[in-house]
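Here are some short exercises to help you find your way around a new structure. Try each one yourself before you read its solution.

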Amino acid sequence: MAGAGATILLTFATTATLFRERGFAAGSRGVALFALPPAAISLVRLLAALVFALTLGAGFFGVQDPYRNLITTMVWVVWWVGFAFVCALAGDLWALLSPFRLPVKEARLAYPARLGAWPAAALFLGFAWAELVWRDNDVPAYLATAVLGYALLTWAAMLLFGREQWLRSGEAFAIAFGVLGRFAPLYARDGRLHLRWPGAGLLEDQPVHPSLAVFVLLMLASVSFDGFLETPLMRDLETAVQASPALAAALYRLSELGLDESQLVATAALLAFAAAFVAAFWLAAWAMVRLSGSNLPVRDAACAFVLTLVPIAVAYHLAHYFSLLLSAGQFIIPLASDPFGFGWDLFGTAGYKVDLGIVSPYVFWYGAVTLIVAGHVIAVLLAHAAAVRRFGAQATRGEVPMVALMVGYTMASLWILAQPVVG
């Protein structure tokens, strides 16, 4: 942990010394490679829609065993984890394969500009709750109902406000995967595929909307909270809540209404995590403005620097879910032959034996350390480029609070990841 923190500080010192020019951030537009064939895009989207329908069908009509039903592995492992890996390391695949993209463009209602991406932030927070707190998130029929409900909401909003407007403002996963895709070396524009430096897509000339800034912070908070749930500190927190007469009495009254006590505690902890991330980042932005002597509003400073945190989100997502993808992801092999759990063997893979111990703790730990440190190093480089743009000659001074925040988050992330290993 100390070595990782020192690496971030050394990166900051080196960057501040060697890169002082605005041109450090140049080259984000990339190089055009080739045009994307419209027929191939249509075919791939059709296949993605068929897989989506098959997944929903398995959830509603298949065996209600999460290990024998396609939807559980498809949603939580292949889609959420696997798609995030591809979007961050290659390009925004969700923009190509999303089954939520209706062929409608005209809007029936004008979208209120003041809303920004707040609907997407609220929906993503709800998704984080479903992933991390909801106890029935692996029951196939319940999960299929939630997925279909989100799809219907998305389609209705697209019909009202227009497809592209809702993709920018309300479709939580278009925004989440799009944010990760900004880190990737490949991206599509004007029907052509382009190549750029990793992370170059995060160097925005204009600050993002505050709602998108909060969205990025929610992405960081949710994956960190997932790891925090497995730490002794979370268990101590639950014990402390039950030991408090006032809190225990309040939980008991709520439980009489049918609410689960442990889920209530976890929900409160998730909201506190999200609020703490937003508050810490806004405090760092305030300190940056004060130290640099800039007249830039704190909100604009926070919105100008928030995308520099995306490499950290990418690194933590890769580090936290890498072992899950390799171990639980193997379930897709037998499920491909028997998606409903009816005993089929369509492709001869139904008898595949899953090896849950495929990743050793040593590989997991050292891989996680490497990924997290690399992500924070890239984040420091991007933050310095943003600081040069915003603060000019005072960039180094202004960047100090952000680097301090990154050092603290690096060490906290490694502590969280270490708990299941050392426990």
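The exercises below go from the nonpolar cores to the pockets and then to the cavities, all in a predicted model.

**Exercise 1.** Find out which residues touch the most other members of the largest nonpolar core, and which helix gives the largest share of this core.

*Solution.*
- Step 1: This core has 107 residues.
- Step 2: The members that touch the most others are Trp79, Trp80, Trp94, Phe124, Phe177, Phe215 and Phe305.
- Step 3: Now for the helix: α9, residues 210–228, brings the largest share, with 13 residues.
- Step 4: There's another core lying apart from this one; it has 8 residues, including Ala58, Leu70, Val77 and Phe331.

**Exercise 2.** Click on Trp94 and list what it touches, leaving out residues up to four places away in sequence.

*Solution.*
- Step 1: Start with the contacts that have lower numbers: Trp94 touches Trp79, Phe83 and Cys87.
- Step 2: Then add Pro99 and Phe100.
- Step 3: Finish with Glu171, Phe173, Ala174 and Phe177.
- Step 4: Look back at Exercise 1, where Trp79 and Phe177 are named, along with Trp94, among the residues that touch the most other core members.

**Exercise 3.** Describe the largest pocket: how much space does it hold, what lines it, and which element gives the largest share of the lining?

*Solution.*
- Step 1: The space comes to about 1500 Å³.
- Step 2: Count the lining and you get 41 residues, with Asp92, Ala95, Tyr187, Ala188 and Arg189 nearest the centre.
- Step 3: Two or more lining residues come from each of α2 (38–61), α4 (94–97), α7 (163–169), α8 (172–181) and β2 (186–189).
- Step 4: Among the elements, α8 gives the largest share, 5 residues.
- Step 5: Sort the lining by class: 22 residues are nonpolar, 8 polar and 11 charged.

**Exercise 4.** Do the same for the second largest pocket: what is its volume, and which residues are closest to its centre?

*Solution.*
- Step 1: Its volume is about 780 Å³.
- Step 2: Of its 28 lining residues, Trp76, Val77, Tyr321, Leu324 and Ala328 sit closest to the centre.
- Step 3: At least two lining residues each come from α3 (70–89), α5 (118–132), α9, α14 (310–327) and α17 (395–422).
- Step 4: The largest share, 6 residues, belongs to α3.
- Step 5: By class, the lining holds 18 nonpolar, 6 polar and 4 charged residues.

**Exercise 5.** Work out how many cavities of 30 Å³ or more there are, then say what lines the largest cavity.

*Solution.*
- Step 1: The count is 2.
- Step 2: The largest cavity holds about 110 Å³ of space.
- Step 3: Its lining is made of Trp80, Phe124, Glu131, Leu132, Leu180, Met219, Ser222, Val223, Ala313, His317 and Tyr321.
- Step 4: Helices α5, α9 and α14 give two or more of these residues each.
- Step 5: Split by class, that's 8 nonpolar, 2 polar and 1 charged.

**Exercise 6.** Move on to the second largest cavity and find which residues lie nearest its centre.

*Solution.*
- Step 1: Here the volume is about 90 Å³.
- Step 2: Of 15 lining residues, Leu202, Leu203, Glu204, Ala304 and Ala386 are nearest the centre.
- Step 3: Both α13 (298–305) and α16 (361–391) supply at least two lining residues, and α16 has the largest share with 4.
- Step 4: The classes here are 10 nonpolar, 2 polar and 3 charged.

Conventions: Residues are numbered from 1 along each chain as its sequence is written. This is a predicted model: local features need pLDDT of at least 70, side-chain atom pairs count only at pLDDT 80 or more; totals for chains, interfaces and linings use all residues. Side-chain values use heavy atoms; hydrogens and water are left out. A nonpolar core is a set of buried Ala, Val, Leu, Ile, Met, Phe, Trp, Tyr and Cys residues joined through side-chain atoms within 4.5 Å. Buried means under 20% relative accessible area, exposed over 50%, partly exposed in between (1.4 Å probe, protein chains only). Contact means heavy atoms within 4.5 Å. On a 1 Å grid over the protein atoms alone, a cavity is a set of points where a 1.4 Å probe fits but cannot get out, and a pocket is an open set with protein on both sides within 12 Å along at least five of seven lines; lining residues have an atom within 4 Å of a point. Grid points are joined across faces, edges and corners, and a volume is the space filled by probe spheres set on the points. Ala, Val, Leu, Ile, Met, Phe, Trp, Tyr, Cys and Pro count as nonpolar, Asp, Glu, Lys and Arg as charged, and the others, Gly among them, as polar.
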